[in-house]
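User: Hi! I'm new to reading protein models and would like to go through one step by step. Could you help me?

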Amino acid sequence: MGVIIVGAGPAGASLALLLARGGVQVTLLEQETSFERVFRGEGLMPAGVDALGQMGLGPLLKTIPHRKLESWNIHLGGQAVFEVPEPDLGDTSLSIVSQPALLQGMVDEARQYDCFQFQPNCQVQDLLWKNSRVVGVQVKTDGGLLDMRADLVIGCDGRGSLVRRKAGLAIDLQPDQYDVLWFKLPAPDRLKQTCQFYLMAKAQEHPASCYTSWDGQLQYGLILPKGGLGQLGQADWLELAARPAPDWLAQHVLAQRASVSQPVRLNVVVGNCAQWWRPGVLLLGDAAHPMSPVRAQGINLALRDAIVATNHLVPAWQADRANVDGALASIQQERMPEVVRSQTLQLREANGLKVIRTSPWKLAIAQQVLPLIGRLPVVKKAWLARQHDLRHGSQPVKLTVN
């Protein structure tokens, strides 16, 4: 039978490639017909770039559309208060990549192995059970409903995971829940040839962030409280998105109204499953531990999940595929510390912005102090060091299976 992976995102596509390379019969299912979506996570931290390098995908990363991030820029009250250059780490530098191109490249690489199958336009409807063990999935295709049997089902189907729900694996949610309204527009002239991340906040306004993406477009996100999109009513959402930006950028955003893409709402749910597995089924990536967008941890942890899962699953499969369940608890045990650490640090970063945004006097102090101390090299170095684990990972992850 083999392994069925549900969801061809970063976790699913990379894991399918690694398992196929290890001789495991693997079928990758994807409900969409293509990898093109309006918004996909694009930020590869050094830890994620390193993971792709370990997978042998360094050459692929160089050929797909991408940009190296050059700096982090914080604007408070419309003023630039802090700028930190992003360290140039050569081939492992933080990069903004085309995730559709990356996923397509992974699938194309996996297709060279006879034990790999990719089935797009294939929507999982339910799990198949036998004696309290998952033994496959029921899928909906153009031809109707179909039962697909497997020795192991791996849910890599994102934060709204159907596999998680059907397996009865409960998720413990954290308080850091909000929405992000993402949209794209032509980048202003001063940002067209660069790749800088802007974080922008004003007192009593919704914060926003933006950067020039791999395609030369400005990727812009308005951060809203949970359900905030519905509360906007007749308000001009684009005008609200422009408010926290410096004047020159706000004017550009509004002037590009006719060229702005249809906004996409990202439902940010942050949490962690106490147990990622049951007999016959395993969760990975956002299905097991949905992350917030802070410092792009979702795609990076997903790639590292795939490496650890491969290290455990391939030897177990080669030894006795009937007892592959024995590896599932070990995968979670190895990955859990880094996931918990990353979510804790993400919450810390988000809370810092929230305090400044909701307190006018703290915002005023930050506007006066940050431009002064932010010029000091020791402060910039300390800011980067504070986020070391979000950038480089907090646990060693090495691919041990060839």
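User: In what order do the three strands of the open sheet with antiparallel pairing come?
Analyst: Happy to help, and keep in mind that this is a predicted model. Strand 9 (123-130) and strand 11 (144-149) are the edge strands, as each pairs on one side only. The twist averages 30° from one strand to the next. Put together, the order of this open sheet is 9-10-11.

User: Which residue in strand 11 does Val 139 stand opposite?
Analyst: Strand 10 covers residues 133-141 and pairs with strand 11 in the antiparallel sense, over six bridges. Across from Val 139, in strand 11, stands Leu 146.

User: Why is one side of strand 8 and of strand 20 left without a neighbour in the sheet?
Analyst: These strands belong to an open sheet of six with mixed pairing, in the order 8-2-1-12-21-20. Strand 8 (116-119) and strand 20 (277-278) stand at its edges, so one side of each is free because each has a single partner strand.

User: What is the bridge partner of Ile 5 in strand 2?
Analyst: Strand 1 (residues 3-6) and strand 2 (residues 26-29) run parallel and are joined by four bridges. For Ile 5, the partner in strand 2 is Leu 28.

User: How many residues lining the second largest pocket are charged?
Analyst: This pocket has a volume of about 200 Å³, and 13 residues line it, with Lys 62 and Asp 91 among the closest to its centre. Helix 2 (46-54), helix 3 (58-63) and strand 4 (66-68) each supply at least two residues of the lining. Sorted by type, the lining has three nonpolar residues and seven polar ones, and the number of charged residues is three.

How values were computed. Residues are numbered from 1 along each chain as its sequence is written. This is a predicted model: local features need pLDDT of at least 70, side-chain atom pairs count only at pLDDT 80 or more; totals for chains, interfaces and linings use all residues. Side-chain values use heavy atoms; hydrogens and water are left out. Two strands pair if DSSP finds at least two bridges between them. Axes are lines fitted to C-alpha atoms, for helices over the stretch in contact, and angles run from 0 to 180 degrees between N-to-C directions. On a 1 Å grid over the protein atoms alone, a cavity is a set of points where a 1.4 Å probe fits but cannot get out, and a pocket is an open set with protein on both sides within 12 Å along at least five of seven lines; lining residues have an atom within 4 Å of a point. Grid points are joined across faces, edges and corners, and a volume is the space filled by probe spheres set on the points. Ala, Val, Leu, Ile, Met, Phe, Trp, Tyr, Cys and Pro count as nonpolar, Asp, Glu, Lys and Arg as charged, and the others, Gly among them, as polar.
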